[in-house]
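Subject: Structure for your review

Dear colleague,

I am handing over the structure we spoke about, and my notes on what was found in it follow below. Please read them with the model open beside you.

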Amino acid sequence: MLEAAAGRLIAELEKRGHEVLRFGAYDPDSRGDWAWGSEAAARAVAEGEADLGVVCCWTGTGASIAANKVGGVRAALCGDPETAAGARRWNDANVLALSLRTTSEPLLAEILDAWFATEPSSDPVDRANVAHLEEIS
């Protein structure tokens, strides 16, 4: 079940024309656990190898926690399209975290639509909040 859901995510991203870098369970040369895979994906974003990242685990919570441990990453656990759009707009989120348990195929498409269609806000207040995130330790 978990593998099928992750496979649908990869297929949906590729269908949309995205180059998918595989980490964790989908990279035969690395440890398959969610914490290691999420860290690797987040590092790819932080180091500029990828523009945006998508991480997932059964609930999405652990994947988002692991990704957020990487400096420069702002991972957001999103269960609906409005949250995904808000995460991109107001938080300049660069990693989307998903629950493989609760994200149906139609909902996945809606979340990805919102995620990729929304640009970060240029409002000075929003930019100041995002900048402050880097200052918090």
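How far is the sulfur of C57 from the closest cysteine sulfur, and in which residue does that closest sulfur lie? The closest one is in C56, at 7.4 Å, which is too far for a bond. Seen from the other side, the sulfur of C56 has the sulfur of C57 as its closest cysteine partner, again at 7.4 Å and too far for a bond. A disulfide is a covalent bond between the sulfur atoms of two cysteines. The structure holds 0 disulfides, and a pair would count as one only with its sulfur atoms within 2.5 Å. C57 itself is buried, with a relative accessible area of 9%. Please keep in mind throughout that this is a predicted model.

On the overall fold, the protein chain contains 6 helices and 3 strands, and when read along the sequence these elements follow the pattern α-α-β-α-β-α-β-α-α. The radius of gyration is 14 Å, close to the 14 Å that the globule rule gives for 137 residues, so the protein chain is as compact as a globular protein of that length. Taken along the principal axes, the C-alpha atoms fill a box of roughly 40 × 30 × 25 Å. Of the 137 residues, 39% count as buried, and among the contacts with a separation of 6 or more, 58% come from residues 24 or more positions apart.

As for the surface and the charges, the protein chain exposes about 7,700 Å², of which carbon and sulfur atoms supply 52%. There are 12 positive and 22 negative charges, and the mean positions of the two sets are 3 Å apart.

Turning to the interior, helix 3 (residues 61-68) has G62, A63, S64, A66 and A67 as buried residues. These buried residues pack against helix 2 (34-46), strand 1 (53-57), strand 2 (75-77) and strand 3. S64, which is found in helix 3, counts as buried at 9% relative accessibility, and, when residues up to four places away in sequence are not counted, S64 touches V55, A75, L77 and A97.

Two further buried positions lie in other helices. L13 is found in helix 1 (residues 2-15) and is buried, with a relative accessible area of 9%. Leaving out residues up to four places away in sequence, L13 touches H18, V20, V54, L112 and F116. One of these, V54, is 41 residues from L13 in sequence, while the C-alpha atoms of the two are 9.6 Å apart in space. A114 lies in helix 5 (residues 105-117) and counts as buried at 13% relative accessibility. With residues up to four places away in sequence again set aside, A114 touches P81, A84 and A85. The C-alpha atoms of A114 and D80 are separated by 9.0 Å, although these residues are 34 positions apart along the chain.

Two loop positions also deserve a look in the model. D92 is found in the loop between helix 4 (81-91) and strand 3 (95-99), where D92 has a positive phi of about 50° although it is not a glycine. Most residues other than glycine have a negative phi. D92 is also buried, with a relative accessible area of 14%. R101, by contrast, is exposed, with a relative accessible area of 51%, and the place of R101 is in the loop between strand 3 and helix 5. The C-alpha atoms of R101 and G60 are separated by 8.5 Å, with their positions 41 residues apart along the chain counted as the sequence distance.

With kind regards

How values were computed: Residues are numbered from 1 along each chain as its sequence is written. This is a predicted model: local features need pLDDT of at least 70, side-chain atom pairs count only at pLDDT 80 or more; totals for chains, interfaces and linings use all residues. Side-chain values use heavy atoms; hydrogens and water are left out. Helices (H or I, at least four residues) and strands (E, at least two) are DSSP runs, numbered from the N terminus. The radius of gyration is taken over C-alpha atoms; the globule rule is 2.2 Å times the number of residues to the power 0.38. Buried means under 20% relative accessible area, exposed over 50%, partly exposed in between (1.4 Å probe, protein chains only). Contact means heavy atoms within 4.5 Å. Accessible areas come from the Shrake-Rupley method with a 1.4 Å probe; for residues, only the protein chains shown count as cover. Lys and Arg count as positive and Asp and Glu as negative; His and the chain ends are not counted. The place of a charge is taken as NZ of Lys, CZ of Arg, CG of Asp or CD of Glu.
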